[in-house]
Amino acid sequence: MKNFSKSNKTLLIVFGLLLILGLFAYFTMGQTSFVRTSLSGLTIGALYFMVAAGLTLVFGLMDVLNFAHGTTFMIGAYMGWQFFTNPSFLFGVAPLLIAFLAGISANTLLQVYVTQWKIDESKREWIKRGLILMALVFGLIGVWGIDFLDLAETAMVAITFTTNPLSELSPQLPLAVFWYRPLLMLFSGALLAVAIAGPGDKTKTLHVDNAKRGWIVVAVLIVLTIVSVLVRESGPEAVLLMNADLRFVLSLLVGALIGAGFGAAMEASLIRPLYVRPMYQVLVTLGVAYVFKEVIQVLWEPLAYQMSRPPFFSQPGKADNLIAWFSTHNTTVDILGVTFPSYRLFIILLGILMLIGLAILMNFTRFGMIIRAGVQDRSMVEALGINVRRVFTLVFALGAGLAALGGIGAAPFIPVQPNMGDAFQLQGFIVVVIGGMGSYSGAAIGALLLGMARAFGDYLALKFSLSPAISEASTVIIMAIILIVKPSGLFGKKE
Amino acid sequence: MDNLMLNVSNIQTFIGQFHILEGVSLEVPKGAITVLLGRNGAGKTTTLKSILGLTPPREGIVEFKGNPIQGKRAYDVAAMGIGYVPEHRAIFSNLSVAENLKIAERKKGDLDKKADFIFELFPDLKRLYKLPGNHLSGGQQQMLAVARALVPDNDLLLIDEPSEGLAPILIQQMMEAIRSLSSKTTVLLVEQNFRMASQLAEYYYIIDDGKSVQHGKMADLVNDTETVHRYLGTAVGALGGKR
Amino acid sequence: MAELQTQNVKKQKPGLFKQNQLAIIVLVLLILFPFIMSLITGQPANEGKPKFWEGQFINFFIMAVYAMSYDLLMGYTGILSFGHAAFFGAGAYTMALWLTHFAPLISSQYKITLPGGMDITTTLLFIVALLLVLIVSILMGLFFSGASVRVKGVYFAMITLAIGEAFHILSKATDFVKWTGADEGLHGVPVPLWINPTQHRLRFYFMALFFMVVMYLFLKRVTESPTGRVFVAIRENENRVRMIGFNPATYRSLAFVTSAIAAGLSGAMFSLWNMSATPSMTSAVTTINALIMTILGGVGTLIGPILGAGLMQIFSQFFYQWFGARWPLVFGLIFIALVVFLPYGIVGTYRLRKQGMKAGWTRFTKQFSAKK
């Protein structure tokens, strides 16, 4: 017991302080406003946590300050919303992307042969460049002429489950004109794979044992390509005609997965070559954030979209209590005399589930063990023979996936727009600083603290007729105080 | 040269703009303990790191069991069968003892296979098995660091200053442990404690100013006070203890 | 990069003109530019086409100073700050607030005249404004560097981002709408008549040019002074700086304050030029612009950021015509490519190449001398 209180001193202090402040607030504010403010604080905190968890892991393990995290949040929201409202875009793009991936994943297979080619050293670089250029050309021809904007077009407030569920659907290109595109993408990816494998470069390490796994990956991806080509038209319809709640769950998954894929692709392509120049990694993430925000605006205009809530949370009326809500699924629930939107409770639940999931992952799996070890001493993990690069990519994917899940989770109650992630990213940074780098539990506590601060700050601001901007800016003060007391953050161990 | 475990020839390593190793060559024979001697900052630790690929050499050749390994990523090199015990007892202090050992597994079940051997060498670890790393004393941490390198099947162990900051009685225990492991694997040791080094090692290399300057059998060096004095300085005066 | 700078310092000085030949030619060209333009177009230097192009250049001069101020921090001292817009914005808002709210108040009540009877009230008030900008900039610099005493590196970058963003939020907070105009910002700032950028475009042109040249010389002086060398040393190895007896924290604050002054002044100039101060000046985009200009031109070169600012001006002008409203997309792609493939920027890469050529040349000549 003594040990527990010693090793969790900070935690106890923080909770003690929160308790005191909470009690104080309870008696000065009265029950109703206290409960309401606390609940919205929890909601905000849960969202902050979803953003900050990925940030803190990525930063703790790789020292990469990911400025594209807010963008991942936004991409998650957009992709999930698209899947939920008008999946034609996703289904239309999927074959191309998967085909390209299939090509690129042939990298490990090709390496065995490609590195043995007899190429003069002076020509290697040129051959590599030529291959990349060719891949680019093939890729461009592959996508040329597809009207992505048309595929993506969606109404600002689309209601997908009352009248005609298929109203948003956009037409796909017929198979007769489409079939060659995935082929070209596959080719483009394969060319790129050859270039990466390093033709004639015999110094490269060969992973012959991976070859079998490589074959399986490529085969699976090619099969997936074929399937996705075939379901381009029937898929979106089937999704839209599906039970809306199930569709929502699926869109959570899709959003998170696309976010994770986005993160992995970013790490593998842009971040990885720059581990020797950390400052430039930050700049690259900044550039990625910039570019993808623009891409989203190209596809969906700089508009604010509204995603409808799944019917599970949107039956009209108010449930008398939480238990009653489970049979009525109303929009709002009465909690201790406070009318509270039921969807926000779901966000809180999602945050808690994510925390539990992360805790299990970090404490009971080998992957989590490696992450915890890597946060402390990256090079030692490498010296043990663990492929850190793969771990880096996976952690980046994990972080991005969590942020994207946060994004699609938040989409039904905040406007879906290109800069929706920015504010969350900023607060996510503050949470990470407060909680300490690389500590997911620190991020959880930091998010809770900041969420509460925002909620109660807004309450106070309203009371003194100030704008919510004041409470938003004041979270910086909390950060400053904690940094003065503990420069490495509440739970940070890394110097 | 079939009996060579490791062959390092003329490696040049830079850290940032600093030229740290300016030509280190080593031949580490199979099944023996070879020790790297030299002053502080001579480049002994960098030599180990360069072998492993943590600070990859810009030039030169490193061969492990006859295969060139220079330029490969550290995890690939390590996975070929090289264990590394870094200086300053770099264990993962936020992981438990069990996890510290478990993370070193390269194949599932490595730890189960080696557990008896490890606990025989370091009986303390069995008792501390569930404790987090930062609750261990310095000596226990050092033992854990060595034990960690024993979990997978390593053909070569690179051990960096195992006696650093240990109490004399623990040094003795550590020496016993290293000696008994050398019957199973080859050991390349960096050691400031000349007494420990001289009792353990069969071969020695002296590194000075980033270059390997002299090598031979340990037995010869012990009698060569002049060399010892020239390259190891005060170490000879403090032959008994840590300088 | 360190060798580059020390080499520059070590260069002998064969006369002021010869050493700075190119710079002086460019300067003369810039001074003559309005008149050349007016010759070509046949319009007076204060109207029409020349006026438009002068405007482009004024913007460029001001942004160049802003970019240089960022280079002092990032390129020379190695501090990655994401709150730089706060300095710029603080300068802009100080100037605009003073000119909008306080200066008219004072000048309506007091008249300050020279013994000859000349009214110098507005001039004096303008000088006060500049002083205020200086003071605010110094305070901002100290405030930001205060955070760097205990926290370093990328972690620190995160904190500057947060502080900078807090300023941005405050600048558009509705609470101060009476003063700052909140989201709208302050528009139609009563700039003293004699430097009004619309009426006296040519005068403003020279003022901005003068401003850039002075700030360039000032920053160059700083970076080449012993203090500046400590900045570079901090970037290279902070522990070593501490070991030889300098306190890195002091020097970091110095760098911050110098940079803040330059950025603040450029912000003030910008608000005079636009006759406005808006929240966009304190936003992250403004910081990112500084970053892009610096990276584009070349980190740690001072002349690079000027070039970067020029290119940025051209990009933003033409990319809009070529690519439409989504031009930042193209720009972002170029930025990523730059960071990955051309990390030293234009000037840095040029210098590296030149160095390479020089080294090649000496090797070449050595060969011959060795054969003799």
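The mean positions of the 27 positive and 27 negative charges of chain B lie 4 Å apart. Here Lys and Arg count as positive and Asp and Glu as negative, while His and the chain ends are not counted. Each charge is placed at NZ of Lys, CZ of Arg, CG of Asp or CD of Glu. In chain A, the centres of the 32 positive and 24 negative side chains are 11 Å apart.

The structure is a predicted model, in which local features need pLDDT of at least 70, side-chain atom pairs count only at pLDDT 80 or more, and totals for chains, interfaces and linings use all residues. Residues are numbered from 1 along each chain as its sequence is written, chains are lettered from A and ligands numbered from 1 in the order in which they are written, and side-chain values use heavy atoms, with hydrogens and water left out. The model scores ipTM 0.83 and pTM 0.85.

Chain B contains 10 helices and 10 strands. These elements are DSSP runs, numbered from the N terminus: helices are H or I with at least four residues, and strands are E with at least two. The radius of gyration of chain B is 17 Å, which agrees with the value near 18 Å for a compact globule of 243 residues. That radius is taken over C-alpha atoms, and the globule rule is 2.2 Å times the number of residues to the power 0.38. The C-alpha trace of chain B spans about 45 × 40 × 35 Å along its principal axes. Of its 243 residues, 56% count as buried. Buried means under 20% relative accessible area, exposed means over 50%, and partly exposed lies in between (1.4 Å probe, protein chains only). Chain B has an accessible surface of about 10,200 Å², and 49% of this belongs to carbon and sulfur atoms. Accessible areas come from the Shrake-Rupley method with a 1.4 Å probe; for residues, only the protein chains shown count as cover. Contacts (heavy atoms within 4.5 Å) were also sorted by separation in sequence. In chain B, among contacts between residues at least 6 apart, 70% join residues at least 24 apart.

Chain A has 22 helices and 3 strands. Its radius of gyration is 25 Å, close to the 23 Å that the globule rule gives for 495 residues, so chain A is as compact as a globular protein of that length. Its C-alpha atoms fill a box of roughly 80 × 60 × 35 Å along the principal axes. Buried residues make up 54% of the 495 residues in chain A. About 21,600 Å² of chain A is exposed, and carbon and sulfur atoms supply 71% of that area. Of the contacts in chain A with a separation of 6 or more, 80% are between residues 24 or more positions apart.

Ala78(B) lies in helix α2 (residues 74-79) of chain B. Ala78(B) is buried, with a relative accessible area of 0%. Neighbours within four places in sequence aside, Ala78(B) touches Leu52(B), Arg106(B) and Asn154(B) in chain B, and Glu382(A), Ala383(A), Leu384(A) and Gly385(A) in chain A. Gly53(B) is 25 residues from Ala78(B) along the chain, and their C-alpha atoms are separated by 8.8 Å.

Ser251(A) belongs to helix α13 (residues 244-271) of chain A. This serine is buried too, at 0% relative accessible area. Beyond four places in sequence, Ser251(A) is in contact with Gly80(A), Phe83(A), Phe84(A) and Ile408(A). Ser251(A) and Trp215(A) are 36 residues apart in sequence, and their C-alpha atoms are 30 Å apart in space.

Backbone angles were also examined. Most residues other than glycine have a negative phi. His329(A), which is not a glycine, has a positive phi near 55 degrees. His329(A) sits in the loop between α15 (322-328) and β2 (330-335) of chain A, and is buried at 18% relative accessible area. Asn10(B) also has a positive phi, of about 50 degrees. Asn10(B) is found in strand β1 (residues 4-15) of chain B, and counts as partly exposed at 43% relative accessibility.

Chain C was examined for confidence. pLDDT is the predictor's confidence in each residue, from 0 to 100. The mean for chain C is 83, and 90% of its residues reach 70 or more. Among the elements of chain C, helix α12 (residues 248-274) has the highest mean pLDDT, 93, and helix α1 (residues 2-10) the lowest, 46. Over residues 1-13 of chain C, pLDDT stays under 50, and the model has 19 contacts beyond four places in sequence for this stretch. Where pLDDT is low, the predicted coordinates should not be read in detail.
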